[in-house]
Amino acid sequence: MWWKDLRATISQRINVEGIGSSASVLVKDQHLALPHVLVPDIRYIDWGELQRRGFKGVVFDKDNTITVPYSLTIWDPLDASIERCKSVFGNDIAVFSNSAGLFEYDHDGSKASALEKAIGIKVIRHRVKKPAGTAEEIEKHFGCKSSQLVMVGDRPFTDIVYGNQNGFLTILTKPLSLAEEPFIVRQVRKLEMSLMNYWLKRGMKPISHNLLPDAMECVKDPPPL
């Protein structure tokens, strides 16, 4: 139905669940927006070290984390890192997105199926938009606790808040491309990053993770292009 598509399009730009969660973060839970690790992109992540530390799988956001917005292909410079991640974790990697796989936006699952076919990574279907919701669907998919998983995304107030409040190791990347993002999303992103950087400069720390107390140990220099 056309109205479902219209509602989904509007919802992609206005995250009602995110607004409520952001209010809580601003007032009392600022630490939830602070990632354990901050890197330019996933090429800086040492997948082997994460596995050695006891992590059993990786959950990726989609848009601006591993693909440019609305694309069905991995951003070319990240291909080698994705393949390395697959070689380390096997099938224990997945996409958990507020676009493909989210029932409100992808009600028939066609976008998730198309993405899976294009990139060879499972897309977890879910009904609640990040940062709201539990990790139930993800834990069911991986067969382990969320504390044994890594959440990688590009938005502090969605991917990182969701990951931290559910016990993941959280890794924040810079966006791959701002050109395709709607104006309002770019402005909200600027606000999120400004607040995160302000809290970090004030000495605020992210939540400690017991599998990797010094999270920077999973960061490496990327190979030359």
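The following paragraphs describe the sheet, one helix, two loop residues and the salt bridges of a predicted model.

Residues are numbered from 1 along each chain as its sequence is written, and side-chain values rest on heavy atoms, with hydrogens and water left out. Because the model is predicted, local features need pLDDT of at least 70 and side-chain atom pairs count only at pLDDT 80 or more, while totals for chains, interfaces and linings use all residues.

A good place to start is the sheet. Six strands, or 6 in the order β1-β6-β5-β2-β3-β4, form an open sheet with parallel pairing. Strands (E, at least two residues) and helices (H or I, at least four) are DSSP runs numbered from the N terminus, and two strands pair if DSSP finds at least two bridges between them. In general, strands of a sheet pair through backbone hydrogen bonds, either parallel or antiparallel. Here the edges are taken by β1 (37–39) and β4 (122–123); each has a single partner strand, so one side of each is left without a neighbour in the sheet.

Strand β2, residues 57–60, is covered on both faces, with G57 and V59 buried on one side and V58 and F60 buried on the other. Buried stands for under 20% relative accessible area, exposed for over 50%, and partly exposed for values in between (1.4 Å probe, protein chains only). Strand β2 runs parallel to β5, to which 4 bridges join it, and F60 stands opposite V152 of β5. With β3, strand β2 shares 3 bridges, again in the parallel sense; V59 has A94 of β3 as its bridge partner. Moving on towards the edge, β3 (residues 93–95) pairs with β4 in parallel over 2 bridges, and V95 is matched with V123 in β4.

The connection from β2 to β3 can also be traced through a helix. Together with helix α4 (residues 79–89), β2 and β3 make a right-handed β-α-β unit. A crossover is called right-handed if, with the strands pointing away from the viewer, the path from the first strand over the helix to the second runs clockwise.

The loop between β2 and α4 holds D63, which is buried, with a relative accessible area of 16%. Outside its neighbours within four places in sequence, D63 is in contact (heavy atoms within 4.5 Å) with V68, P69, Y70, S99 and D154. One of these partners, S99, is 36 residues away from D63 in sequence, with 8.1 Å between the C-alpha atoms. The side chains of D63 and S99 make a polar contact at 3.3 Å. That term covers a pair of N or O atoms within 3.5 Å; within protein, one must be able to donate a hydrogen and the other to accept it, and residues adjacent in sequence count only if both atoms are side-chain atoms.

Helix α7 lies across β5 and β6 (169–173) and runs at about 165° to β6. Axes are lines fitted to C-alpha atoms, for helices over the stretch in contact, and angles run from 0 to 180 degrees between N-to-C directions. The helix is mostly covered, as 9 of its 10 residues are buried, among them F157, I160, V161 and Y162. After α7 comes G167, with a positive phi near 90°.

N166 sits in the loop between α7 and β6 and counts as buried at 17% relative accessibility. A polar atom of the N166 side chain lies 3.4 Å from the backbone oxygen of G133. Leaving aside neighbours within four places in sequence, the contacts of N166 are G133, T134, A135 and S146.

Finally, the charged pairs. The structure holds 13 salt bridges, each a side-chain nitrogen of Lys or Arg within 4 Å of a carboxyl oxygen of Asp or Glu. D154 and R189 form one of them, at 2.7 Å from N to O. This pair links distant parts of the chain, 35 residues apart: D154 in the loop between β5 (149–153) and α7 (156–165), and R189 in helix α8 (residues 183–201). D154 and R189 are both buried. R189 also forms a salt bridge with E181, where the closest N and O atoms are 2.4 Å apart, and E181 is buried as well. Elsewhere, salt bridges with shared partners join E49, R52, R53 and E217 into one network. Within it, the closest N and O atoms of E49 and R53 are 2.7 Å apart; E49 is buried at 14% relative accessibility, whereas R53 is partly exposed at 28%.
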